[in-house]
Structures are given as C-alpha cells and as structure tokens.
Amino acid sequence: MQSGYACQRLMKNNHLHLLDFDFVSGKFQIPCVFPETVCVQRLVAFNKIRSFQEVTKNIGVHFFLDDYQFERVWNKPERYAKMLAGFACVLSPDFSMYADMPLAMQIWNHYRKMAVSQVLQNQGITVVPTLNWSTEESFQFCFDGMPKNGTIAVSSVGCCKNSSVREKWTRGMNEAVGRLKPKTILFYGSPIEFQNQGSEVVYFQPEHLQRVRKIRKGKIEVGERTKWLMENPAIVCYVAEDKISKTFRHSSIAPTISDSSCAGIYFTTHTEKSRTPKTEFTEILSRPFPSSVTKSVNPVEFFTS
C-alpha cells in the first residue's frame with residue numbers, strides 16, 4: 001500500500017487531481033469534453049505559438065506534429081494552458097496511435113489526449129477533439145470521451161501515399177462520423193473523400209506546403225542559398241538522401257523528400273540557422289557526385305563563403 005505522499009505524487013504526475021472522474025466514458029474511463037462550436041480561419045502548429053505575434057482571435061492551434069514536440073503539454077498542461085488561452089480554439093494533442101503499437105499503448109495515448117483536452121477545457125479554453133485511430137480494433141475505444149453534435153478535427157497528413165492507406169483512413173473516418181455526428185469537421189491536409197453525412201467540412205492546408213507553393217509562383221522572396229538549391233535539384237536530393245534522411249524522418253516534409261523544392265527549402269533553412277553544423281555537410285558536398293549530377297557551381301564554396 002502506498003503512503004499518502006506517494007499517492008499524492010502519483011495523482012499529480014498523472015494530473016488526476018485536475019480531472020473530473022464523474023465525466024468519463026467507456027470501459028477504460030476515458031475523460032470527456034463538452035461539444036464546442038468553432039469558427040476559425042487558420043490553424044497554426046503548436047511549436048510556432050511562442051513566437052506568434054499576430055491577432056489570434058480567428059486562429060486555432062493544432063498538434064499534427066511529431067509527439068516529442070508536444071509531450072511537454074502532457075507533462076505540464078496547466079503551464080501551457082496559459083499560453084494557449086489567447087487562441088480561438090485548441091485541437092487536442094494528437095498522440096500517435098500506430099497499427100503496430102501494443103493496444104495498451106494506443107489506449108494510453110488516447111487517454112492522454114482526452115485527459116489534456118478536459119484539463120484545457122476546464123481552464124476555459126475552447127477545445128476541439130482530434131480524431132485518431134489505427135485498426136478497426138481501436139474503434140472500441142478511440143472515440144470514447146468525444147462529444148456528439150459538436151466540432152471535431154482530423155488530419156490526412158501521411159494518409160495519401162497509397163490506396164490501401166487511404167482506404168483505411170476512409171473506413172475510420174466514416175465510422176467516426178457515424179458515431180459522433182459532428183456539426184463541423186476541421187480537416188487538415190489534402191482532401192480525402194468520406195461520408196460526411198451533412199457535416200460542414202472546413203479544409204486547412206499545412207502552412208509549410210502553402211509556403212512552397214508561393215515560392216514556386218514567385219510570391220515569396222527567398223535567399224540566394226534557397227534559390228541555388230531549387231535550381232540544382234539533383235544535388236539537393238543527393239545531399240538530402242545522404243545527410244539528412246534521418247532528420248527528414250522527424251519532419252513534416254518527410255513524405256516529399258523527392259521534391260527538390262521542399263528538400264531545398266528544408267536543407268537551406270537548417271543551414272542558415274546553424275542547426276546543422278557546416279562541417280558536417282561540407283564533407284558530403286565535397287564527395288564525388290554521381291555522373292548524372294552536373295554542378296553549376298562549387299557547393300562547398302557556396303555554403304562556406
């Protein structure tokens with residue numbers, strides 16, 4: 001039997017003192033949230049809010065990021081509630097639920113998502129629950145705690161790679177709409193057809209992709225390094241595959257590594273901000289390139305000048 005102090009620490013570390021145990025659902029006692037009516041014009045990533053200086057009354061915050069970027073919200077939800085309070089709404093943290101994860105871990109991540117959602121809502125923040133599922137087996141718990149006839153959010157990022165993935169996504173989305181009957185769906189990513197059953201669907205494109213498109217159309221000025229990389233796609237892809245493929249696995253641009261524009265923008269951004277030391281990629285740029293690559297300038301001199 002644990003002592004009183006140990007029990008209090010356990011309660012605090014898992015935020016149990018912040019939850020309403022009379023407001024849970026399902027056999028796993030998943031925390032619930034109330035339905036919300038939301039109208040936003042833009043969604044920004046959680047990892048961008050610290051430097052956000054614009055008016056936020058029509059802007060929501062999303063967590064469609066790698067989990068490590070927002071694990072801190074689970075660790076200290078009250079602290080981040082103060083940072084998020086100025087936004088129109090906050091989408092619930094999208095803790096991953098992969099098909100190859102143990103079922104217990106999937107349930108735990110869904111529990112954490114809804115627990116943080118309830119804590120934030122109790123702090124007066126407008127919370128939009130985020131849909132997430134893996135296989136059909138996850139349907140037994142992945143919708144627990146979510147309100148009916150309200151606003152929900154969903155992402156299709158990473159789900160458009162092939163027909164099999166899209167089919168699984170569509171099956172889960174149809175199941176969610178059938179159970180929750182939402183009035184509004186905030187859809188983040190490339191559109192995928194599903195049975196919305198009369199729900200209003202509001203689409204949002206990832207902002208990094210919007211930036212790429214604007215650069216291609218000449219609507220955004222970019223630095224000399226970015227221009228050079230976009231003009232030398234073979235070199236960009238060669239370096240990206242060789243040097244920063246591991247980094248790309250933790251990047252939202254990962255699915256488009258073969259797109260020289262995306263790779264170039266990502267590569268030069270890390271270069272200019274010194275996130276990747278020059279000494280590390282200079283050695284790669286100095287290697288002999290494949291015969292198919294024609295260098296118009298010396299990349300080593302270009303990046304180290």
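These legends go with a set of close-up views of a predicted model. Local features are given where pLDDT is at least 70, side-chain atom pairs count only at pLDDT 80 or more, and totals for chains, interfaces and linings use all residues. Residues are numbered from 1 along each chain as its sequence is written, and side-chain values use heavy atoms, with hydrogens and water left out.

**View 1. Here is the whole protein chain, with its twelve helices and nine strands.** Helices (H or I, at least four residues) and strands (E, at least two) are DSSP runs, numbered from the N terminus. The chain has 305 residues, and 48% of them count as buried. For that label, buried means under 20% relative accessible area, exposed means over 50%, and partly exposed is in between (1.4 Å probe, protein chains only). Take the contacts (heavy atoms within 4.5 Å) between residues at least 6 apart in sequence: 62% of these join residues at least 24 apart.

**View 2. Phe46 and Phe63 make a stacked aromatic pair.** Their ring centres are 4.9 Å apart, with 25 degrees between the planes. The rule used here pairs rings of Phe, Tyr and Trp (its six-membered ring) if the centres lie within 6.5 Å; planes under 30 degrees apart are stacked, over 60 edge-to-face, and the rest tilted. That rule gives 15 aromatic pairs. Phe46 lies in the loop between strand 3 (42-45) and strand 4 (59-62), while Phe63 is in the loop between strand 4 and helix 2 (71-75), so the pair ties together parts 17 residues apart in sequence. Both of these Phe residues are buried.

**View 3. Zoom out a bit and Phe46 and Phe63 turn up in a cluster of rings.** Phe70, Tyr80 and Phe95 belong to it too, linked through ring pairs. Phe95 also has Arg112 for company: the charged end of Arg112 sits over the Phe95 ring, 4.0 Å from its centre. To count as sitting over a ring, NZ of Lys or CZ of Arg has to be within 6 Å of the ring centre and within 35 degrees of the ring normal.

**View 4. Strands 7, 8 and 9 form an open parallel sheet, in the order 7-8-9.** Strand 7 (151-155) and strand 9 (200-204) are the edge strands, each pairing on one side only. From one strand to the next, the twist averages 20 degrees. Strands pair here if DSSP finds at least two bridges between them; strand 7 and strand 8 (residues 184-188) are joined by five. Look for Ala153 standing opposite Leu186 in strand 8. Helix 5 (residues 163-180) packs on the sheet, touching strand 7 and strand 8, and its direction makes about 175 degrees with that of strand 7. Such angles, from 0 to 180 degrees, are taken between N-to-C directions of lines fitted to C-alpha atoms, for helices over the stretch in contact.

**View 5. Strand 8 is covered on both faces.** Thr184, Leu186 and Tyr188 are buried on one side, and Ile185 and Phe187 on the other. With five of its five residues buried, strand 8 is largely enclosed by the rest of the structure.

**View 6. Ser117 sits in helix 4 (residues 103-122).** Ser117 is buried, with a relative accessible area of 0%. Leaving aside neighbours within four places in sequence, Ser117 is in contact with Val33, Ser92, Pro93 and Val127.
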